[in-house]
Amino acid sequence: MSAQRILVVDDEDNARRAIATILNEEGYDVAEAADGAEALARVSDFSPAVVLTDVRMPRMDGLTLLRAAREQGSDATFVMMTAFASVEMAVEAMKSGADNFLLKPLDADQVLVILSKALEKRSLRREAEALRDQVRTRVRRFHDIIGESPQLQGIYDVVRRAASTRATVLILGESGTGKELIAQALHQESPRRDKPFIRVHCAALSENLLESELFGHEKGSFTGALARKEGRFELADGGTLFLDEIGEISPTVQVKLLRVLQQRELERVGGTQTLKVDVRIVAATHRDLAAEVKAGRFREDLYYRLNVVSVTLPALRERKSDIPALVNHFLEKYGEAYGKHVRGLAPGTLQALLAHDWPGNIRELENAIERSVVLTQGQELATDDLPPVLRGPRPTGTSQGALIPGATLAAIEREAILRTLEMVQGSTSRAAEVLGISVRKIQYRLKEYGAQADGAPPKPDADELPGDLAAES
């Protein structure tokens, strides 16, 4: 293995050369720079693993060097040195991304210990990033849908089987559960993938506007109709038409929509010409359409035409095992959007996210993570960065890496599962492989941790019960 590269930056020649000599004797590959400006060039051509830099220097100080190196894309670990220590300076250095802080005059043994810890931490971080790269395609393997829970696996299977047909699909689920993503997946998996995918949000338009949007209109058919307009059915010919919130359409539009589904033809508003269309319909609603039919608000015949194949998306509170993967996806998305390098979650943050019931589902989770990324000042998302409703009580027990003799096995298991999930970008299958346990057990434990945070007593796994009780459960 090649020697680790260390860049020593100090405007005091004797101090810099003394440190370089010690590190050379320890087997490190050492380069030197007399100030921040010179060091910035060396960071690019030398690619050090660690930069050991003085804070106060001419031309460019240590903190400015750190920020400039990060802007250049360097992932070197920074350890700051100064003879003028202060709490404010230490805090600023750590916020800027420094790994540690050394006070001059330096103690050689302390330098070596701090350097060894910095390299070990860097190695662990790189291993975690490599694991994230390995699982990223696995987590996102089904188009843009994130999740590995059993509920989603069943939905993926239905989508794959239904996609190759022209059958109408009805997607049910609470608002914010990702119904449009399922509709897009149906289109992308189908032979129509190269044809248009057209969306219509039915609840956003009045009856007259919706009718015109869907079926088009002829010039002069109503006030403001200054020219012929093709409807969404015509625009989607050969492709897929996604009708979101289908439960909101009026009885008049329901009748016209039924005709298109039955006969594959339509007439524009104010027109007499019958137009043939070849469109695959995918509809979605957060309403219980069967109950709407019983109440007389939705046509029964249209309901059965729409409900040839149905898919019911689970609420996020029913698949909390997918929260780690979703969180890491949104961290990456909004970290890039806002130019922030947020590597993951601080201890206790995942627990707070699992404890929430997410009535707004994935949309609420995404909003919470975006807000937190905007407000965070660190490289890990902490509970203080979360919206107030998610913070709850401070986590009790041991912090990351601080489990000591006397901790319960349950606490150790909990720490291992939560921290491993954070390390592998939320993939339950990869975490199970790393920990040597089943995916089902991890998914159950995540539900249990959420239940405990809400005050509900945990329920043991069936495989943890005595034989007779396990059979009864």
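**View A. Asp54, the annotated 4-aspartylphosphate site.** In an unreviewed UniProt entry, Asp54 carries the annotation "modified residue: 4-aspartylphosphate". Keep in mind that what you're looking at is a predicted model. Asp54 sits in strand β3, which covers residues 50-54. Buried or exposed? With a relative accessibility of 6%, Asp54 falls under the 20% cut-off, so the residue counts as buried.

**View B. The surroundings of Asp54.** Here we skip the neighbours within four places in sequence and look at what else Asp54 touches. Its contacts include two aspartates, Asp10 and Asp11, along with Lys104. Val9, Gly62, Met81 and Thr82 are in contact with Asp54 too.

**View C. The largest nonpolar core, with 33 residues.** Val327, Leu331, Leu353, Trp358, Leu365 and Ile369 have the most contacts inside this core. Which helices each supply at least two of its residues? They are α13 (323-337), α14 (349-355), α15 (361-375), α17 (409-423), α18 (428-435) and α19 (439-453). The top contributor is α13, giving seven residues. Domain 3 (327-390) and domain 4 (409-443) both chip in, so this core lies between them. As a general point, nonpolar side chains in soluble globular proteins tend to be buried together.

**View D. A closer look at Val327.** Again setting aside neighbours within four places in sequence, Val327 is in contact with Leu345, Leu353, Leu365 and Ile369.

**View E. Another core, apart from the largest one.** This core has 30 residues. Among them are Phe215, Ala236, Ile246 and Val260.

Note on methods: Residues are numbered from 1 along each chain as its sequence is written. This is a predicted model: local features need pLDDT of at least 70, side-chain atom pairs count only at pLDDT 80 or more; totals for chains, interfaces and linings use all residues. Side-chain values use heavy atoms; hydrogens and water are left out. A nonpolar core is a set of buried Ala, Val, Leu, Ile, Met, Phe, Trp, Tyr and Cys residues joined through side-chain atoms within 4.5 Å. Buried means under 20% relative accessible area, exposed over 50%, partly exposed in between (1.4 Å probe, protein chains only). Helices (H or I, at least four residues) and strands (E, at least two) are DSSP runs, numbered from the N terminus. Domain bounds come from an automatic or database domain assignment. Contact means heavy atoms within 4.5 Å. UniProt positions are given in the numbering used here, feature names are shortened, and annotations may be inferred rather than shown by experiment.
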